[in-house]
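Here's a quick briefing to read alongside the model. Have a look at the structure first, then go through the points by topic.

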Amino acid sequence: MKTGGIDGSQIQAMIAQLKAHATRPGLTPPVIKTEAPPAARVEFSDALKNALDGVNTSQVQADDMGKKFAMGDDSVNLSDMMISMQKASINFQATIQVRNKLVSAYHDIMNMQV
């Protein structure tokens, strides 16, 4: 029986070919992303606390190394102690600059006319 120029046996043959092609190993259909996965939310307070904890850790480590070096501990050499102290100093200075920018932004927002 013919329907529109293609008979049922041809349709069945095409479906069989498509199924055989789809089941070949190594062939996967293309993945189409419709939406981006939601980004993990980071709270400002958590990020600020983590940054301050990192600065505190570097300062405590530098202080411990300084004390060990002053007591004559052979496991700490002068260059490691100086590098650790400079890192702690740079971290602290960067934290002060961030604080200053936050305070300035707060004052700017508070002085805005609504």
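Let's start with one acidic side chain: D63 has a relative accessible area of 41%, so it counts as partly exposed. D63 pairs up with K67 in a salt bridge, 3.5 Å from N to O. Keep in mind that this is a predicted model. The chain has 114 residues, of which buried ones make up 8%, and its secondary structure comes to 3 helices and 2 strands. Going along the sequence, the pattern reads β-β-α-α-α.

**Salt bridges**

- How many salt bridges are there by the distance rule? The count comes to 3.
- As general background, side chains of opposite charge can pair when their charged atoms come close.
- The K67–D63 pair sits in helix α2, with the two residues 4 apart, or about one turn of the helix.
- K67 has 49% relative accessibility, which is under the 50% needed for exposed, so K67 counts as partly exposed.
- K49 and D53 make another salt bridge, with the closest N and O atoms 2.9 Å apart.
- K49 and D53 also both belong to helix α2, and again 4 residues, about one turn of the helix, lie between their positions.
- K49 is partly exposed because its relative accessibility is 49%, and D53 is partly exposed too, at 35% relative accessible area.
- R41 and E43 form a salt bridge as well, their closest N and O atoms being 3.9 Å apart; the cut-off for a salt bridge is 4 Å.
- Is R41 buried or exposed? With a relative accessible area of 74%, R41 is exposed.
- Its partner E43 comes out as partly exposed, since its relative accessible area is 41%.

**Helix α3 and what it packs against**

- Does the length of α3 fit a regular rise, and what are the numbers to compare? The 33 residues of α3 should span 48 Å at 1.5 Å a residue, and the end C-alpha atoms are 48 Å apart, so the two agree.- Which residues of α3 are buried? They are M81, S84 and A88, and what covers them includes α2.
- S84, a residue of helix α3, has 9% relative accessibility, so it counts as buried; the cut-off is under 20%.
- Setting aside neighbours within four places in sequence, S84 is in contact with Q61, A62 and M65.
- A88 is also found in helix α3, and A88 is buried because its relative accessible area is 6%.
- What does A88 touch, not counting residues up to four places away in sequence? A88 touches S58, Q59 and A62.
- A88 and S58 are 30 residues apart along the chain, yet their C-alpha atoms are separated by 5.2 Å.
- Another residue of helix α3 is I90, and at 52% relative accessibility I90 counts as exposed, since exposed means over 50%.
- The C-alpha atoms of I90 and V55 are separated by 9.3 Å, with their positions 35 residues apart along the chain.

**The largest pocket**

- In general, rolling a probe the size of a water molecule over the atoms shows where empty space is left.
- What is the volume of the largest pocket? The value comes to about 180 Å³.
- Two elements give two or more residues to the lining of the largest pocket: α2, covering 44–70, and α3, covering 78–110.
- Which element gives the largest share of that lining? The answer is α3, with 6 residues.
- Lining residues of the largest pocket include L48, A51, L52 and V55, along with A94, T95, I96, V98, R99 and L102.
- By class, the lining of the largest pocket has 8 nonpolar residues, 1 polar and 1 charged.

Notes
Residues numbered from 1 in each chain as written. Predicted model: local features only at pLDDT ≥ 70, side-chain atom pairs only at ≥ 80, totals over all residues. Heavy atoms only, no water. 1 Å grid on protein atoms, 1.4 Å probe; cavity = no way out; pocket = protein on both sides within 12 Å on 5 of 7 lines; lining within 4 Å. Points joined across faces, edges and corners; volume = space filled by probe spheres on them. Nonpolar A, V, L, I, M, F, W, Y, C, P; charged D, E, K, R; others polar. Buried < 20%, exposed > 50% of the residue type's maximum accessible area, 1.4 Å probe, protein only. Contact = heavy atoms within 4.5 Å. Salt bridge = Lys/Arg side-chain N within 4 Å of Asp/Glu carboxyl O.
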